Amino acid sequence: MSAVTLHRLEKSYDGEARVVAGVDLSIEAGEFVVFVGPSGSGKSTLLRMIAGLESASAGEIRIGELLANDVHASRRGIAMVFQSYALYPHMTVYDNMAFALRMAGQPKAEVAQRVRRSAEILQITHLLDRKPKALSGGQRQRVAIGRAIVREPRVFLFDEPLSNLDASLRQTMRVELAKLHRELGATMIYVTHDQVEAMTLADRIVVFDGGVVQQVGTPAALYENPANLFVAGFLGAPKINLVGGTLHSLADGSAQVDLPALGRMQLAADVTRARRGDPVTLGVRPEHLRVAHAGDRNVASARVELVEYLGDHLLAYLGVAGAREPLCMKLSGPTRTPRAGDVVPVCMRPEHCLVFDSTGRAFARPRVMP
Ligand code: ADP
Ligand code: MG
């Protein structure tokens, strides 16, 4: 049985444009699902609707079997953790964690047991007597998570919980959240605009733009087979390289694409819905560009504009005729370092290339290369 089911869910504020525009989604029990998308894409609104902090304008929210649209937030079996921690400043950590249980009339012994057990899981037992102001940002966020755990909710909701932390602490907490999910086996929905958090934490990622689901899938599925240019560009840093071209000929499962710098390339793409002469966009990720050797095909001459040294890898930015922006090439392992000003031959393998139509929709990639 699904833990959370959204059916044609919509939200608009006072007759304005829809900020959540017809979301269909089924989240399995125990799943870690990440909502990712740019700022303003409706992620928080959707999470708040699931939590019951915001009403739905249309559609259904089910939590387990229960149709939850008209169920009060406190009765949905959901606990939410916010970016802002929202701890009670005058209470100790213990009291912050115990608060909701006391309000629910839980016996004192039960409250104590749950708070102690959650504190152990989060390794904050030594902080239980402190007030929030005597805690670091990371410790405060642990307490906020602890306050959710003690309630033993059916579903955990997180809204950008790590955004206030510095980069190294964010990474530590990210790993701990992944462990916590495994330990609790709980259903978690996690909102972030950070693609690294999305890729590393998610069983499945839901990519939003403009209140619309762009694609749902495992991190690998979305990275390797993005449904459209938005998803292709949103996941992956540095971003996927895009080059404009024209469809030359079509065959079953394969297309020839004319590209300004690379000439004609044979690509695996199901272009049955396209026509000869249609403009297309070719996408290739930085790790799939490399310096060409003798005998390579699909070679373009590139002028190195800039090289960034990043310890274990290099990024070279390449000027290529016909490409609107420099192409980014990621080089790792032992390799001759290109220098700014060099002209180098670069190439890519057809099976690494994605092809998008003029509306930005990806052509499917057949499994077998022609
Ligand atoms: P995200 O969390 O993805 O950054 P939000 O869900 O916070 O996006 O916001 C989505 C859109 O809804 C934004 O354009 C925002 O301005 C609008 N919005 C959010 N809350 C309200 C509100 N209470 N009244 C009117 N518009 C709102
Ligand atoms: Mg938000």
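Thr125 counts as partly exposed, because its relative accessibility of 39% lies between the 20% that bounds buried residues and the 50% above which a residue is exposed. Its place in this predicted model is the loop between helix H3 (108-122) and helix H4 (137-149). Leaving aside residues up to four places away in sequence, Thr125 touches Ala119 and Glu120. Val93 is 32 residues from Thr125 along the chain, and the C-alpha atoms of the two are separated by 9.4 Å.

Helix H1 makes a good next stop. Spanning residues 43-51, H1 is mostly covered, with seven of its nine residues buried. The buried residues of H1 are Lys43, Thr45, Leu46, Leu47, Met49, Ile50 and Ala51. In an α-helix there are 3.6 residues a turn, so residues three or four places apart point the same way. Just after H1 comes Gly52, which takes a positive phi of about 90°.

Now let us step back to the whole chain. Eight helices and 20 strands make up its secondary structure elements. Among contacts with a separation of 6 or more, 64% are between residues 24 or more positions apart. The table collects some overall values.

| Property of the chain | Value |
|---|---|
| Box filled by the C-alpha atoms, along the principal axes | roughly 75 × 45 × 35 Å |
| Share of the 370 residues that count as buried | 46% |
| Exposed area | about 18,000 Å² |
| Share of the exposed area supplied by carbon and sulfur atoms | 49% |
| Distance between the mean positions of the 43 positive and 38 negative charges | 3 Å |

The chain also has a domain assignment, which gives domain 1 (4-233) and domain 2 (239-356). Taken over C-alpha atoms, the centres of domain 1 and domain 2 are 39 Å apart. How many residues of each domain are in contact with the other domain? Domain 1 contributes seven residues, and domain 2 contributes eight.

The size of an interface is often given as the accessible area lost when the parts come together. Here, domain 1 and domain 2 bury about 680 Å² between them, and carbon and sulfur atoms account for 60% of that area. Which three residues supply more than any other three of the area that domain 1 buries against domain 2? They are Tyr223, Leu229 and Ala232, which supply 66% of that area.

Definitions and conventions. Residues numbered from 1 in each chain as written. Chains lettered and ligands numbered in written order. Predicted model: local features only at pLDDT ≥ 70, side-chain atom pairs only at ≥ 80, totals over all residues. Heavy atoms only, no water. Helix = DSSP H or I, 4+ residues; strand = E, 2+ residues; numbered from the N terminus. Buried < 20%, exposed > 50% of the residue type's maximum accessible area, 1.4 Å probe, protein only. Contact = heavy atoms within 4.5 Å. Areas by Shrake-Rupley, 256 points an atom, 1.4 Å probe, with all protein chains shown as cover. Lys, Arg positive; Asp, Glu negative; His and termini not counted. Charge placed at Lys NZ, Arg CZ, Asp CG, Glu CD. Domains from an automatic or database assignment. Buried area = accessible area lost by both parts, 1.4 Å probe.
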